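Let's take a walk through this protein together, from the overall layout down to a few individual side chains. Keep the structure open beside you as you read.

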Amino acid sequence: MEHTEKTLSSEVKFAGRVITVTYDQVLLENGATSSREVVHHNGGACVAALTEDNQVYLVRQYRYAYGRQLLELPAGKLEKGEDPFSAAKRELTEEVGVVADEYLPLGTFLPTCGYCNEVIYLYAARGLHKTSQHLDPDEFVSVETLPLEELERQIAAGEVNDGKTIAACYRLRLALAQGRW
């Protein structure tokens, strides 16, 4: 049986630069109605860039909403209508200062499916070449590399908690184990 809900009405409660929030009335499959608060987001793209010696590029940056620094794979928001693959390549160059010869799509990640429609597109990259960073004026990151195995250890130990980094690392490991990359 397929479960669905039908939107009866939708009211914009907030429209910002990054998100829009709506308050929706929905028809449930049993005929009752309910309300939903939805955060609308254009999505993002994330890249697990792997060097020849299995080092992964990461960025360390302060995340205001959590009040602390996080270690993450390079990633960024999609502009409305932007191609996710183009965004992934842009973010790798902007944040890390690297371009890649080869990319592998790793699927998508739904970070907060209970109330937000954000989709993050995951990619792996290899055949890396240094270029220059092009950070946004309000973006401050430190670039680091870790062996893939060390990143996996830090994820398992709860030292790296960023969801897109965990998802992309897991899918990269599967692709490598299955010989798809």
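A residue is called buried here when its relative accessible area is under 20%, exposed when that figure is over 50%, and partly exposed in between. With that yardstick, buried residues account for 39% of the 181 residues in the protein. Bear in mind that what you're looking at is a predicted model.

Start with the big picture. The protein has 3 helices and 10 strands, and if you read along the sequence they come in the pattern β-β-β-β-β-β-β-α-β-β-β-α-α. Taken along the principal axes, the C-alpha atoms fill a box of roughly 55 × 40 × 30 Å. How many of the contacts between residues at least 6 apart in sequence join residues at least 24 apart? The share is 56%.

You can see one such meeting of distant stretches at Asp-101, which sits in strand 8 (residues 98-109). The C-alpha atoms of Asp-101 and Gly-127 are separated by 4.8 Å, though the two residues are 26 apart along the chain. Leaving out residues up to four places away in sequence, Asp-101 touches Arg-126, Gly-127 and His-129. Is Asp-101 buried or exposed? Its relative accessible area is 59%, so Asp-101 counts as exposed, the cut-off being over 50%.

While you're among the strands, have a look at Asn-54, in the loop between strand 4 (44-49) and strand 5 (55-63). Its backbone is the thing to notice: phi of Asn-54 is near 60°, a positive value in a residue other than glycine. Asn-54 has a relative accessibility of 33%, so it goes down as partly exposed.

Now swing over to the last two helices in the pattern, helix 2 (residues 148-156) and helix 3 (residues 163-177). Two packed helices are described by the angle between their axes and the distance between the axes. For helix 2 and helix 3, that angle is about 135° and the axes are 11 Å apart. Why call this pair oblique? Angles over 145 degrees would count as roughly antiparallel and 65 to 115 as roughly perpendicular, and about 135° is in neither range, so helix 2 and helix 3 are oblique to each other. Their crossing is left-handed.

Which residues make the contact between helix 2 and helix 3? From helix 2 come Leu-148, Glu-149, Leu-151, Glu-152 and Ile-155, and they meet Thr-165, Ile-166, Cys-169, Leu-172, Arg-173 and Leu-176 of helix 3. Sorted by class, that contact has 7 nonpolar, 1 polar and 3 charged residues.

Two of those contact residues also pair up by charge. Side chains of opposite charge can pair when their charged atoms come close. Here Glu-149 forms a salt bridge with Arg-173, with the closest N and O atoms 3.4 Å apart. This pair links distant parts of the chain, Glu-149 being in helix 2 and Arg-173 in helix 3, 24 residues apart. Glu-149, at 43% relative accessibility, is partly exposed, and so is Arg-173, at 28%.

The loop between helix 2 and helix 3 holds Glu-159. With a relative accessible area of 47%, Glu-159 is partly exposed. Setting aside neighbours within four places in sequence, Glu-159 is in contact with Arg-153 and Gln-154. Follow the C-alpha atoms and you'll find Glu-159 and Leu-71 8.8 Å apart in space, although they are 88 residues apart in sequence.

Back to the salt bridges, which come to 14 by count. One of them joins Glu-72 and Arg-63, whose closest N and O atoms are 2.7 Å apart. The two partners differ in their surroundings: Glu-72 has a relative accessible area of 1% and is buried, whereas Arg-63 is partly exposed at 30%. Both belong to a network of salt bridges that links Arg-63, Glu-72, Asp-162 and Lys-164.

For a contrast, finish at Lys-13 and Glu-11, whose side chains meet in a salt bridge of 3.4 Å, N to O. Neither partner is buried: Lys-13 is exposed at 52% relative accessibility, and Glu-11 is partly exposed, with a relative accessible area of 43%.

Notes:
Residues numbered from 1 in each chain as written. Predicted model: local features only at pLDDT ≥ 70, side-chain atom pairs only at ≥ 80, totals over all residues. Heavy atoms only, no water. Salt bridge = Lys/Arg side-chain N within 4 Å of Asp/Glu carboxyl O. Buried < 20%, exposed > 50% of the residue type's maximum accessible area, 1.4 Å probe, protein only. Helix = DSSP H or I, 4+ residues; strand = E, 2+ residues; numbered from the N terminus. Axes fitted to C-alpha atoms, helices over the stretch in contact; angles between N-to-C directions. Parallel < 35°, antiparallel > 145°, perpendicular 65-115°, else oblique. Left-handed = near helix turned anticlockwise from the far one by under 90°. Contact = heavy atoms within 4.5 Å. Nonpolar A, V, L, I, M, F, W, Y, C, P; charged D, E, K, R; others polar.
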